[in-house]
Amino acid sequence: QVRVVESGGGLMQTGDSLRLSCAASGRTFSSHTAMGWFRQPPGKEREFVATIVRRDESAYYADSVKGRFTISRDNAKNTVYLQMNNLKPDDTAVYYCAVSTLSYKIVDYYFAVRGYEYWGQGTQVTVSS
């Protein structure tokens with residue numbers, strides 16, 4: 001079992017920066033094949049934001065955040081971060097951290113909600129114009 005806890009959300013203004021943190025515990029960090037961030041805007045479905053795939057430590061991003069958001073991980077702290085710069089009102093959502101211990105040959109599976117077994121409770125990010 002893996003416990004996932006996000007932190008760092010808040011009320012921001014357009015153009016602000018914010019860093020979200022995600023701490024995972026319960027199973028060794030090395031068993032996590034990917035750790036990702038998803039978000040759910042009001043009235044919409046949960047969508048992929050970014051992920052780090054462990055096998056090659058590659059980071060992948062949704063087109064909507066590419067160039068503005070950066071995902072990183074600190075293995076010593078079992079923590080993944082999402083640095084969000086130049087925030088826009090469209091970034092308003094509940095942000096969820098997710099952990100996968102599943103191995104996929106095709107990296108695209110890590111861009112989907114079903115690619116992850118463990119989820120945090122979410123943290124609200126609101127960006128005003």
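Thr70 stands opposite Gln83 in strand 8, and in this predicted model that pairing offers a way into the sheet to which both residues' strands belong. A further register point is given by Ile71, which stands opposite Leu82 in strand 8. The two strands concerned, strand 7 (residues 69–74) and strand 8, are joined in the antiparallel sense over six bridges, and they form a hairpin in which four residues lie between them. Within that turn, Asn78 has a positive phi of about 50°.

Strand 8, which covers residues 79–84, is mostly covered, five of its six residues being buried. Strand 7 is one of its partners, and strand 3 (residues 18–25) is another, running antiparallel to strand 8 and joined to it by six bridges. Here too individual residue pairs fix the register: Ser21 stands opposite Tyr81, while Cys22 stands opposite Val80. Strand 3 is in turn paired with strand 1 in the antiparallel sense, over five bridges, and in this pairing Val4 has Ala24 of strand 3 as its bridge partner.

Taken together, these pairings describe an open sheet of four strands in the order 1-3-8-7, with antiparallel pairing. Its edge strands are strand 1 (3–7) and strand 7, each of which pairs on one side only. From one strand to the next, the twist averages 15°.

How buried or exposed is Leu20, a residue of strand 3? Leu20 counts as buried because its relative accessible area is 0%, which falls under the 20% cut-off. Once neighbours within four places in sequence are left aside, the residues in contact with Leu20 include Val80, Tyr81, Leu82 and Met84, together with Trp37, Tyr95 and Val125. For Leu20 and Val80, which are 60 residues apart along the chain, the separation between C-alpha atoms is 8.4 Å.

Leu20 also belongs to the largest nonpolar core, which has 36 residues, and is listed there among those with the most contacts inside it, alongside Trp37, Val49, Phe69, Leu82, Met84 and Tyr95. The elements that give two or more residues to this core are strand 3, strand 4 (34–40), strand 5 (47–53), strand 7, strand 8, strand 9 (93–100) and strand 11. Phe69, another of the core residues with the most contacts, touches Val49, Leu82, Met84 and Tyr95, and its contacts also include Arg39, Gln83, Asn85 and Asp91, with residues up to four places away in sequence not counted.

The contacts of Leu20 include Thr123 as well, and this residue leads to another part of the chain, since Thr123 is found in strand 11 (residues 123–128). Which relative accessibility places Thr123 among the buried residues? The value is 11%, and Thr123 therefore counts as buried, again by the criterion of under 20%. A polar atom of the Thr123 side chain lies 3.1 Å from the backbone nitrogen of Gly9. Gly9 is also among the residues in contact with Thr123 when neighbours within four places in sequence are left aside, and the others are Glu6, Ser7, Gly8, Leu20, Ala93, Val94 and Tyr95. Ser7, Gly8, Gly9 and Tyr95 appear likewise among the contacts of Leu20.

Key: Residues are numbered from 1 along each chain as its sequence is written. This is a predicted model: local features need pLDDT of at least 70, side-chain atom pairs count only at pLDDT 80 or more; totals for chains, interfaces and linings use all residues. Side-chain values use heavy atoms; hydrogens and water are left out. Buried means under 20% relative accessible area, exposed over 50%, partly exposed in between (1.4 Å probe, protein chains only). Two strands pair if DSSP finds at least two bridges between them. Axes are lines fitted to C-alpha atoms, for helices over the stretch in contact, and angles run from 0 to 180 degrees between N-to-C directions. A polar contact is a pair of N or O atoms within 3.5 Å; within protein, one must be able to donate a hydrogen and the other to accept it, and residues adjacent in sequence count only if both atoms are side-chain atoms. Contact means heavy atoms within 4.5 Å. A nonpolar core is a set of buried Ala, Val, Leu, Ile, Met, Phe, Trp, Tyr and Cys residues joined through side-chain atoms within 4.5 Å.
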